[in-house]
Amino acid sequence: MNFLQHIGHYVLKFFKSVGALVLFTFTALSHCLRPPFYPRQILRQMIEIGYFSLPVVGLTTVFAGMVLALQSYTGFSRFSAEGAIANVVIISITRELGPVLAGLMVTGRIGASMAAELGTMRVTEQVDALTTLSTNPFKYLIAPRLIAGVLMLPFLVFIGDIIGVFGGYLVAVYQLGFNASNYIQSSWEAMVAMDVISGLVKATVFGFIISLMGCYHGYTSKGGAQGVGKATTDSVVSASILILCFNFILTVLFFEK
Amino acid sequence: MTDTPKIKIRDLHKAFGSKVVLDGLDLDVMPGESVVIIGGSGTGKSVTLKCTLGLLELDSGNIEVDGESVVGLSARDRERVNHKFSMLFQSAALFDSLPVWENVAFGPIADKTITRKQGKELAIEKLAQVGMPPEVSDLFPSELSGGMQKRVGLARAIAGDPEIIFFDEPTTGLDPIMADVINDLIVKVTKELGATALSITHDMASARKIADRIAMLYQGKIIWQGPAATIDDCDNDYVQQFINGRADGPIEMAVRK
C-alpha cells in the first residue's frame, strides 16, 4: 500500500508540474501578443542572448566543423570517398550540429542565467515589488525573454552554420590538402535551402524552449539560495532534454520520407 | 475623514497546507490613518499585506479598498487598484539591474506617464525628500548600505504619489539611529502625501513612532487594537507580554509548540 501511495504521489506531482508549466506557457504567450510591450527590455535581452552568446556558439561550431571534416576523412578515405567530406560537413552542420550545439550552449549560458536572475528576483521580493508598481511581471520579465530567445537563436545558428562550415574548410584545405576552390564549390553544390531552413526552424523552437525553461524555473523558484540553485539546474537539464527530444521530432517532420 | 474605510478586511482566512495563518482577521484602516500591525514572527502579518495587494489568494473573506471589493479581480482591474498602493519591502527589494534613479522612477516610467528624462528629475526630487544627494541616483543598489537601500525603497514607494503605502518591517536589520531616521522619514512622507499607511513590525519603538493606531495579530486574529498612546496601559496580557518582550506569559506555549 505504501508503495502504491508513493507511485500515486509522484504521478500526481508530475501531472501538477505539467499542468503548471502548460498554464505558465499560455499565460506567457498571451502576454507576448498583448500590449503594453517593453522594447527596451526586449532589446536588452536580444543583446544578452544574441550578441554575447556569439563567441561561445562560434567556438563550438568552428571546432565541431573541424572535427567533422577530420573524422569524415578518416572514415571516407577507406572507400576513396574523400570528395564527400564537403557534403557531410555542410549537411551535418546545417541540419543538426549547428542548431543542436548552439541550443545546448545557449542553454548553459542563457537558460541558467535567466533562471538564476529571475529566481533571485523572486526570493528577494523583486517580483512582488514589480506587482506593487502596477507592472505585470509576465509582461516585464517573461515576455521580453521569450521574444528575444525566439528571435535570436536563428540568428546565432545562422552565424554558427557559417563558422562551422568554415571550420571544416580550414581542416580540409590546410591539414588534409584539399584544393580550396574545389572544396568551396563542392560545399556550395551540397548546400540545400531546405537544410538551412530546417536548422533555423529548429533554432526558433530551441530558443523558445530555452527561454521558457529558464523563465519558468526561475519565476517559480522558492526557498532562498538553495531554491535558486535548484531552479538553475532544473532549467538547464529540462531545456537540454527538450531540445534533444524536439530535435528528433522536427527531424522526423522535415526529413522522413 | 470619510466614514468609508480606505481598507476594510473582513473574516480573512488563509492557510498554507494544514498550517492556518489567518483565521478570521478583521481590520479597518481609515483614510489618512497610520495603522501598525504588531505580532510575532509567523503570525501572518506579511500574509495580510500580500493578500491585500493580490500577491496571495485568500481562502475566504473579503477585502475592500475605497469600498470596492478587490477579491477575485481580473489582472487588468488588479493593476488599476494597485495604482493606489505602494510598498516599502523589508529587504527594500530594489531592482539589482537598474541604477537608483530608474528604481525610484520605475512606476511612473513603466506607466508611460513621464519620459525617462523626467523620470531622472523626479527620482532626484524624491531622493532629496528622503535625505539623499543627487549623486546617489547613478549608483546601483549593490553599492548602497542597508539603510541607504531602505531610503531608496522609500523614495520609490512615494514616487507615484500613492494613496496607500504599506511598510513591511521598515526598520529590521538597521542600527537604532538609522531605524529612527527611517521612522522619521516614514512619518514625514506619509504626512506630506496625506497617504494612508499600513505597517507591520515587531519593533515597538518603530510602532510607537509611526502609528496612529496599533493592532496586535495573534493566532490569525486581531486580539487587540487601540490608539498608539494607549498601548502601554492596555490590560491585554498578550499585548503586555509582547510589547515588554517577556519570555513568560500567555504567548509562551505558542512559541514552544
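Two strands count as paired if DSSP finds at least two bridges between them. The structure is a predicted model, and the pairings and helix contacts below are computed from it.

**The six-stranded sheet of chain B**

By that criterion, six strands of chain B make up an open sheet. Their order is S6-S7-S8-S3-S9-S10, and the pairing is mixed. Strand S6 (85-88) and strand S10 (221-227) of chain B are the edge strands, each pairing on one side only. From one strand to the next, the twist averages 20 degrees.

At one edge, S10(B) runs antiparallel to strand S9 (residues 213-218) of chain B, and six bridges join the two. Within this pair, Leu217(B) has Ile222(B) of S10(B) as its bridge partner.

**Strands S1, S2, S4 and S5 of chain B**

Further antiparallel pairs occur among strands S1, S2, S4 and S5 of chain B. Strand S1 (residues 7-16) is joined to strand S2 (residues 19-29) by eight bridges, and S1(B) is joined to strand S4 (residues 60-65) by five. S1(B) thus appears in two pairings, one with S2(B) and one with S4(B). S4(B) in turn has two bridges to strand S5 (residues 68-69) of chain B. The table lists these pairs with a residue pair from each.

| Strand pair | Bridges | Direction | Residue pair |
|---|---|---|---|
| S1(B) and S2(B) | eight bridges | antiparallel | Ala15(B) and Val20(B) |
| S1(B) and S4(B) | five bridges | antiparallel | Arg10(B) and Asn62(B) |
| S4(B) and S5(B) | two bridges | antiparallel | Glu64(B) and Ser69(B) |

Two of these pairs are hairpins. S1(B) and S2(B) form a hairpin with two residues between them, and Gly17(B) in the turn has a positive phi of about 65 degrees. The hairpin of S4(B) and S5(B) also has two residues between its strands, and there Asp66(B) takes a positive phi near 50 degrees.

**Helix packing in chain A**

In chain A, helix H8 (residues 193-219) takes part in two helix contacts, one with H6(A) and one with H9(A).

The axes of helix H6 (residues 137-174) and H8(A) come within 7 Å of each other and cross at roughly 150 degrees. An angle over 145 degrees counts as roughly antiparallel, and H6(A) is therefore roughly antiparallel to H8(A). The crossing of these two helices is right-handed. On the H6(A) side the contact includes Phe138(A), Ile142(A), Leu146(A), Gly149(A), Leu153(A) and Val157(A). The H8(A) side includes Leu200(A), Ala203(A), Gly207(A), Phe208(A), Ser211(A) and Cys215(A). Arg145(A) of H6(A) is also part of the contact. By class, the contact of H6(A) with H8(A) has 16 nonpolar, five polar and one charged residues.

H8(A) packs against helix H9 (residues 224-255) of chain A at an angle of about 155 degrees, with the axes 9 Å apart. These two helices are therefore also roughly antiparallel to each other, and their crossing is right-handed. The contact of H8(A) with H9(A) has 15 nonpolar, eight polar and three charged residues.

**A bent helix in chain A**

Helix H4 (residues 85-123) of chain A bends by about 55 degrees at Ile93(A). H4(A) is followed by Glu125(A), which has a positive phi, near 65 degrees.

How values were computed. Residues are numbered from 1 along each chain as its sequence is written. Chains are lettered from A and ligands numbered from 1 in the order in which they are written. This is a predicted model: local features need pLDDT of at least 70, side-chain atom pairs count only at pLDDT 80 or more; totals for chains, interfaces and linings use all residues. Side-chain values use heavy atoms; hydrogens and water are left out. Axes are lines fitted to C-alpha atoms, for helices over the stretch in contact, and angles run from 0 to 180 degrees between N-to-C directions. Helices (H or I, at least four residues) and strands (E, at least two) are DSSP runs, numbered from the N terminus. Angles under 35 degrees count as roughly parallel, over 145 as roughly antiparallel, 65 to 115 as roughly perpendicular and the rest as oblique. A crossing is left-handed if the near helix is turned anticlockwise from the far one by less than a right angle, and right-handed if clockwise. Ala, Val, Leu, Ile, Met, Phe, Trp, Tyr, Cys and Pro count as nonpolar, Asp, Glu, Lys and Arg as charged, and the others, Gly among them, as polar. The bend at a residue is the angle between axes fitted to the seven residues ending there and the seven starting there. Contact means heavy atoms within 4.5 Å.
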